[in-house]
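The questions below walk a newcomer through one chain, from its overall make-up to a few local details. Please look over the sequence and the structure before reading the answers.

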Amino acid sequence: MRDTIFALSSGSPPAGIAVIRISGPQASDALRSLAGELTPPRLARYRVLRNAGGDALDQALVLWFPGPGTVTGEDLAELHLHGGRAVIAAVEAALAALPGLRRAEAGEFTRRGFLHGRLDLAEAEGLADLLAAETELQRQAAMIMAGGAFSRRVEDWRERILMLSAQVESLLDFSDEDDVGTLPETFFDEAGALKDEIELHLAQPRAEALKEGYRVALAGPPNAGKSTLFNALLDSEAAITSPIAGTTRDVLERPVAFAGIPFTFVDMAGLRGEGGDAIEEIGIGRAWSEMDRADLVLWLGPEGEGPASAVEVEAQIDRPDHATKTDPVFRLSALSGEGIGELKQALVERARKALPKPGMAALNLRQRTRLHEARLALAGLRDKGEDLLLVGEDLRYARAAFDRLVGRTSTEDMLDALFGRFCIGK
């Protein structure tokens with residue numbers, strides 16, 4: 001018999017309310033033990049909770065959810081307590097003393113929901129992203145996955161693959177060995193349309209870019225104003241600024257959100273050909289690597305000397321001796337704030353074009369790999385049209401890729417890694 005698990009599912013105490021969740025075959029017995037009876041399903045009831053010795057622990061609202069129609073697919077109870085640490089500790093101690101109950105592991109509630117078919121793997125990944133979301137764009141993308149919109153699309157693709165497979169099997173089953181029929185042109189049109197839909201999803205921005213944010217590197221020679229601009233964009237003193245050349249020797253990166261859009265800003269060593277020590281040389285090497293990695297490079301150095309795709313910035317315009325540029329995209333002063341608002345707005349517009357749009361599913365590397373496998377299987381169908389066995393095998397491979405995508409076939413190691421991202425009470 002599966003253990004019954006319990007955990008605090010609300011925020012860290014102290015708080016106004018604390019929610020302890022209990023899931024498993026002994027959930028009803030646990031509720032009877034603490035609350036004195038099994039309350040009506042899905043209706044909150046006021047009860048005094050007591051331990052095995054009859055001592056009052058708290059005055060609480062209790063809810064009973066009989067399985068399998070619950071988030072875990074099992075019998076489930078919730079105790080809504082006063083949110084003090086001592087109250088929570090006393091109730092958890094009473095639960096731990098009951099036979100068959102133990103504390104939940106990280107992500108175990110959600111994992112049980114997955115194993116009982118209450119959500120698939122893509123939805124579980126979306127839920128993990130939703131719990132980790134820090135910006136509005138991240139929240140919207142995670143909701144698409146957690147809400148099952150993408151999973152329903154995959155199920156539609158899978159059903160269409162099954163229909164195509166049925167056509168192939170029909171020809172194989174009802175044809176003589178020397179008189180095998182041929183597939184109609186509509187078969188390949190339908191397979192091609194499905195492949196095109198998958199390619200559209202593969203062309204969308206990656207989920208990893210959404211999590212990290214639009215990456216902006218500030219580049220230029222020493223004393224070009226990179227660290228001052230870095231601090232101004234973050235509205236904090238994250239980087240040390242000094243008139244001494246070579247103050248910034250390593251890569252500094254900080255996340256921030258503008259208008260609900262996630263960004264990562266990168267400050268780094270000033271670029272110069274000679275004159276630095278060995279440590280500064282290492283920092284300069286890392287700076288070049290960061291420019292290659294960035295989605296956008298803001299070049300604060302001499303005009304035309306930055307990377308080919310860099311955006312020219314005329315910085316430090318508050319200084320009479322600042323280096324002017326003939327055609328900068330931005331003119332600004334990080335000290336006075338002039339031009340900073342315009343720069344932020346322009347960055348938001350650029351990021352919006354590069355990151356997933358609201359309402360768009362953002363696919364992670366695992367999901368994109370499975371879709372790529374399905375696309376490859378569909379891409380060669382027309383060339384193999386004369387050999388129905390090969391066509392059938394490719395369709396089976398595409399269907400298997402969809403099954404792996406939503407978790408119909410999954411390894412324990414992969415599940416451990418995914419559900420380990422969740423908190424204890426989820």
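Helices (H or I, at least four residues) and strands (E, at least two) are DSSP runs, numbered from the N terminus. The model discussed here is predicted.

Q: How many helices and strands are there in the chain?
A: The chain has 426 residues, of which 47% count as buried. Among contacts between residues at least 6 apart in sequence, 62% join residues at least 24 apart. Counted along this chain, the elements come to 14 helices and 12 strands.

Q: Which helix supplies the largest share of the largest nonpolar core?
A: This core has 33 residues, and those with the most contacts inside it include Val-216, Phe-265 and Leu-343. At least two residues each come from several elements, among them H5, strand E7 (214–219), helix H9 (226–234) and strand E9 (261–267). The largest share, 5 residues, comes from H11.

Q: Which residue of H11's core partners, Val-216 or Phe-265, touches Leu-347, and what else does that residue touch?
A: Leaving aside residues up to four places away in sequence, the contacts of Phe-265 include Val-216, Phe-230, Leu-233 and Leu-234, and also Leu-252, Val-256 and Phe-258. Charged names appear in the list too, namely Glu-253 and Arg-254. The residue that touches Leu-347 along with these is Phe-265.

Q: How many residues are in the second, separate core?
A: This core is separate from the one described above, and Trp-157 and Leu-363 belong to it. Leu-381 and Ala-398 are also included, and the core has 31 residues.

Q: Are H4 and H5 roughly parallel or roughly antiparallel to each other?
A: Helix H4 (residues 121–132) and helix H5 (residues 136–146) pack with their axes 7 Å apart, at an angle of about 155°. Angles over 145 degrees count as roughly antiparallel, and H4 and H5 are therefore roughly antiparallel.

Q: How many nonpolar residues are in the contact of H4 with H5?
A: H4 passes H5 in a left-handed crossing. On the side of H4 the contact includes Ala-122, Gly-126 and Leu-130, while H5 contributes residues including Arg-139, Met-143 and Ala-146. By class, 3 are charged, 1 is polar and the nonpolar residues number 7.

Q: How are H12 and H13 oriented to each other, roughly parallel or roughly antiparallel?
A: The axes of helix H12 (residues 365–379) and helix H13 (residues 388–406) come within 8 Å, and their crossing angle is roughly 170°. The angle lies in the range over 145 degrees, which makes H12 and H13 roughly antiparallel.

Q: Where does Pro-184 lie, and is it buried or partly exposed?
A: Pro-184 is found in the loop between helix H6 (149–173) and helix H7 (185–202). Its C-alpha atom is separated by 9.7 Å from that of Gly-385, 201 residues apart along the chain. With a relative accessible area of 36%, Pro-184 is partly exposed.

Q: Which residue does a cis peptide bond join to Gly-67?
A: The residue in question is found in the loop between strand E4 (56–65) and strand E5 (76–83). Omega for this bond is about 5°, and the residue joined to Gly-67 is Pro-68.

Q: What is the phi of Arg-42?
A: Arg-42 lies in the loop between helix H1 (27–35) and strand E3 (45–50). It is partly exposed, with a relative accessible area of 42%. Although Arg-42 is not a glycine, its phi is positive, at about 60°.

Conventions. Residues numbered from 1 in each chain as written. Predicted model: local features only at pLDDT ≥ 70, side-chain atom pairs only at ≥ 80, totals over all residues. Heavy atoms only, no water. Axes fitted to C-alpha atoms, helices over the stretch in contact; angles between N-to-C directions. Parallel < 35°, antiparallel > 145°, perpendicular 65-115°, else oblique. Left-handed = near helix turned anticlockwise from the far one by under 90°. Contact = heavy atoms within 4.5 Å. Nonpolar A, V, L, I, M, F, W, Y, C, P; charged D, E, K, R; others polar. Core = buried A, V, L, I, M, F, W, Y, C linked by side-chain atoms within 4.5 Å. Buried < 20%, exposed > 50% of the residue type's maximum accessible area, 1.4 Å probe, protein only.
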